[in-house]
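The following paragraphs proceed from the overall form of a protein to one of its strands and then to a single loop residue. The reader is invited to keep the structure in view throughout.

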Amino acid sequence: MNDVAFQQCMNPVCGARYAVDEVHVSCAKCGSLLDIRYDWDRLPRLKSLSYFEHRWSTKGTEAEGRADFSGVWRFRELLPFYRTEEDIVTVGEGRTQLQKADILARHMGMKAGSLLLQYEGLNPSGSFKDNGMTAAFTHARMVGAKRVACASTGNTSASLALFASLAEMQGVVFIGSGKISLGKLSQALDYGALTLQIQGDFDACLRRVRQVAVDAPQMGIYLMNSVNPFRLEGQKSIMYRVLEARNWEAPDWVIVPGGNLGNCSAFAKAFEELKELGLIKKVPRLAVINASGANTLYQLYTKQGLRWKNDWYDASVVQGFYATMDENNIHAHTVASAIEIGHPVNLPKALRALATMDGVVEEVTDDEILEHRAMIARWGFGCEPASAASVAGLRRLLDKQVISPDETVVCILTGHELKDPNVTVKYHTGIDMKAAQEAAPSSPPQGRLSNRPVPVEDSLEAILRAMGGDPRMLSGAVTAAR
Ligand code: F0G
């Protein structure tokens, strides 16, 4: 066992610790989110981040060194929770780049050299999720998991399906019926995951998959959503690569779209640890951008002033907000389907992240997202709608003079343009390909490897049946479905 790493409840009043080779969906004592923590004093001391540069020479092939092949595990001393390098499950993720976007900067009214795009769409499954998936699959292999599952707005499911097929585990993905883009749906089917199309949205899917993991242990589900703290360990590496591309100098700002709020939480953890280790002096400021139709964090942080204070937050404010949402039957709705989330599970970690990185939260409309997505494609690098929220948010923050045009800004392009071609075609031609496809008569699939999605009603029994399980085996106390 690895005894320098452990899992710890993020609630300081509880603070329960668990060994790194245990599997928990949340703290077994109080239900809060868990963090992965390290006993850094018992690890060899890193003198400077330039230590990692020598890894470039061995990053050619998996055969030369499976860990250096990965843009995540090249930084393995900063996520040392695995036992041996044999545990590592990699598909060559994280070989992404920080791109200077001077033409786009000009169109945004910024100085040359001041706008940089961290292009995470270059990952094997086309989104930043691969950074986290490699870490969570590594943990899944360490604990002997055979069956992995997630709820998803599309990218997590695509990434899980890819890793599951290559790690020879069974992948099960819960997606909202009609809620994810065709590009992402096609990936889950193609990589062979059991694809459950639940009659509900992402929030309903996440509730259900957590229920299956907790209440139906006989299904042997290892949960891959970002409540899994190992995911966030891998996503820290996005910031390591940003720093590496800038000669280990932090930018002034990092801007990221906010959905389930795992990514922003991982970024702050990366900087907090680097600072603790004395490896950086400056921590950049963070801007998290919500779509205005899915703006829980914006409402709570910017409108209601909810803050991380004395290592915790006022959970009653969040409960009150959700109760009002439920009473009024309000669900998230945005063209940026990847961030169409009303109940972000990492909200407490995001509040902590905003405190660590002196952050702001902004919202942008669907029109702003669509216009900035087109601008990024025209003068930068194509991305999917959710990713463009970062640049649309930058525009708002420039207009409000929160960010000045000569500050150095890194926007994270979280997913590839080809994830959601329907939005692009509709923007340019007015034709809705998705509607046209839905109207077309369907014929049965012909291919030898055809993998049809399974329509399932939003109930635990129906889901278990669709997974080949027996609902009569449910443990007595079923987690209340909200
Ligand atoms: N951008 C893209 C392209 C995403 O797919 C997601 C999340 C986000 C941004 C938001 O990141 O959740 O860490 O705040 N997609 C998840 C999914 C929810 O299921 O694929 P976050």
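In this predicted model, the radius of gyration is 21 Å, whereas a compact globule of 482 residues would have one near 23 Å; the two values agree. Taken along the principal axes, the box filled by the C-alpha atoms is roughly 60 × 55 × 50 Å. The secondary structure of the protein comprises 16 helices and 14 strands.

Several totals describe how the chain is packed. Of the 482 residues, 60% are buried. Considering contacts between residues at least 6 apart in sequence, 72% join residues at least 24 apart. The exposed area of the protein is about 19,300 Å², and carbon and sulfur atoms supply 49% of this area. As for charge, the protein carries 52 positive and 54 negative charges, and their mean positions lie 1 Å apart.

Attention may now turn to strand E13, which spans residues 409–413. Why can E13 be described as largely enclosed by the rest of the structure? The reason lies in burial: five of its five residues are buried, so the strand is largely enclosed. A residue counts as buried when its relative accessible area is under 20%. The directions of the side chains add to this picture. In a regular strand, side chains alternate between the two faces of the sheet. In E13, Val409, Cys411 and Leu413 point one way, while Val410 and Ile412 point the other way, and all are buried.

The strands that pair with E13 can be considered next. Strand E5, residues 115–119, runs parallel to E13 and is joined to it by five bridges. Within this pairing, Gln118 is placed opposite Ile412 of E13. Strand E10, residues 253–257, is likewise parallel to E13, with three bridges joining the two. Here Trp253 has Val409 of E13 as its bridge partner.

A residue outside these strands provides the final stop. Leu449 belongs to the loop between helix H15 (433–439) and strand E14 (454–456). Is Leu449 buried or exposed? Its relative accessible area is 75%, so Leu449 is exposed, the threshold for that class being over 50%. The separation of Leu449 from Ala435 is 14 residues in sequence, and their C-alpha atoms are 26 Å apart in space. Thus the walk ends with an exposed leucine in a loop, having passed through a strand whose five residues are buried.

Terms used: Residues are numbered from 1 along each chain as its sequence is written. This is a predicted model: local features need pLDDT of at least 70, side-chain atom pairs count only at pLDDT 80 or more; totals for chains, interfaces and linings use all residues. Side-chain values use heavy atoms; hydrogens and water are left out. Helices (H or I, at least four residues) and strands (E, at least two) are DSSP runs, numbered from the N terminus. The radius of gyration is taken over C-alpha atoms; the globule rule is 2.2 Å times the number of residues to the power 0.38. Buried means under 20% relative accessible area, exposed over 50%, partly exposed in between (1.4 Å probe, protein chains only). Contact means heavy atoms within 4.5 Å. Accessible areas come from the Shrake-Rupley method with a 1.4 Å probe; for residues, only the protein chains shown count as cover. Lys and Arg count as positive and Asp and Glu as negative; His and the chain ends are not counted. The place of a charge is taken as NZ of Lys, CZ of Arg, CG of Asp or CD of Glu. Two strands pair if DSSP finds at least two bridges between them.
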